Amino acid sequence: MNTLDPLDLKILLELIKDPRIQIAELSEGLGIARNTAQSRLKRLRRTGVLQAAGREVDLEKVGYDVVAFVTIEVTHRELDGVIGALRLIPQVLEVHEISGRGDLWCRVVATDTHNLQSALRSVLRTKGVIRTETVLALHTHIPYRTEPLIGRMAAAPTRSKNEQSPGAEA
């Protein structure tokens with residue numbers, strides 16, 4: 001259930017715009033006391049709206065608990081226009097040009113199935129969209145992560161400048 005008030009949402013928006021914003025800048029920019037900003041941030045972290053490790057917003061905690069993956073087939077001469085139109089649909093979180101079946105892959109979130117249907121209709125009304133295929137995410141077992149990759153890189157021995165990458169010609 002979304003229990004966020006307008007100030008909470010403004011704080012989240014500022015953190016999304018600038019994840020490294022300092023408390024003083026945040027409070028000044030929003031016209032609130034520094035203690036108010038700090039206590040709100042603490043509550044947002046405690047309730048899980050903000051991930052503990054960073055300032056990533058958990059959309060499920062703010063009411064967007066329907067996640068769908070949409071594959072879109074487009075008329076190729078309209079590709080840039082379709083991407084531009086998708087950028088204007090707030091529920092569209094990301095768009096990737098893909099190989100294989102379809103041309104674009106999108107991750108879309110919604111508050112409920114009616115909200116999802118509205119977003120999908122917006123996609124289908126877009127000039128250049130031929131057809132779509134939508135699948136719903138039932139559960140996230142491994143959320144987006146980067147730590148294992150960065151950890152592996154950090155643990156790998158460094159190469160000297162004279163060493164070449166594997167497969168390089170001598």
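Cys106 touches Ala68, Phe69, Val70, Ile72, Leu86, Val92, Glu94 and Val95, leaving aside residues up to four places away in sequence. The model is predicted.

**The largest nonpolar core**

Cys106 also belongs to the largest nonpolar core, which has 19 residues. Together with Ile72, Leu86, Leu104, Val108 and Leu116, Cys106 touches the most other members. Four elements each give two or more residues to this core: β1, α4 (79-87), β3 and α5 (113-124). The largest share comes from β1, with 5 residues. Another core lies apart from this one. That second core has 16 residues, including Ile11, Leu15, Ala37 and Leu44.

**The aromatic pair**

The structure holds 1 aromatic pair. Its partners are Phe69 and Trp105, and the rings are stacked. Their centres lie 5.3 Å apart, with 15° between the planes. The pair counts as stacked because planes under 30 degrees apart fall in that class. The two residues link distant parts of the chain, 36 residues apart. Phe69 sits in strand β1 (residues 66-74) and Trp105 in strand β3 (residues 104-110).

Are the two partners, and Val57 in the loop treated below, buried or exposed? The table gives the values.

| Residue | Relative accessible area | Class |
|---|---|---|
| Phe69 | 26% | partly exposed |
| Trp105 | 24% | partly exposed |
| Val57 | 15% | buried |

Val57 counts as buried because its relative accessibility is 15%, and the cut-off for buried is under 20%.

**Helices α1 and α3**

How do α1 and α3 cross? The axes of helix α1 (residues 6-17) and helix α3 (residues 34-46) come within 11 Å and cross at roughly 85°. Therefore α1 is roughly perpendicular to α3. From α1, the contact uses Leu7, Asp8, Ile11, Leu12 and Leu15. From α3, it uses Thr36, Arg40, Leu41, Arg43 and Leu44. By class, the contact of α1 with α3 has 6 nonpolar, 1 polar and 3 charged residues. Ile11, Leu15 and Leu44 from this contact are also among the members of the 16-residue core.

**Val57 in the loop**

Val57 is found in the loop between α3 and β1. Which residues does Val57 touch, not counting residues up to four places away in sequence? They are Leu12, Ile16, Val49, Leu50 and Val62. Leu12 also takes part in the contact of α1 with α3. Val57 and Ile16 are 41 residues apart in sequence. In space, their C-alpha atoms are 8.1 Å apart.

Conventions. Residues numbered from 1 in each chain as written. Predicted model: local features only at pLDDT ≥ 70, side-chain atom pairs only at ≥ 80, totals over all residues. Heavy atoms only, no water. Phe/Tyr/Trp six-rings, centres within 6.5 Å; stacked < 30°, edge-to-face > 60°. Buried < 20%, exposed > 50% of the residue type's maximum accessible area, 1.4 Å probe, protein only. Core = buried A, V, L, I, M, F, W, Y, C linked by side-chain atoms within 4.5 Å. Contact = heavy atoms within 4.5 Å. Axes fitted to C-alpha atoms, helices over the stretch in contact; angles between N-to-C directions. Parallel < 35°, antiparallel > 145°, perpendicular 65-115°, else oblique. Nonpolar A, V, L, I, M, F, W, Y, C, P; charged D, E, K, R; others polar.
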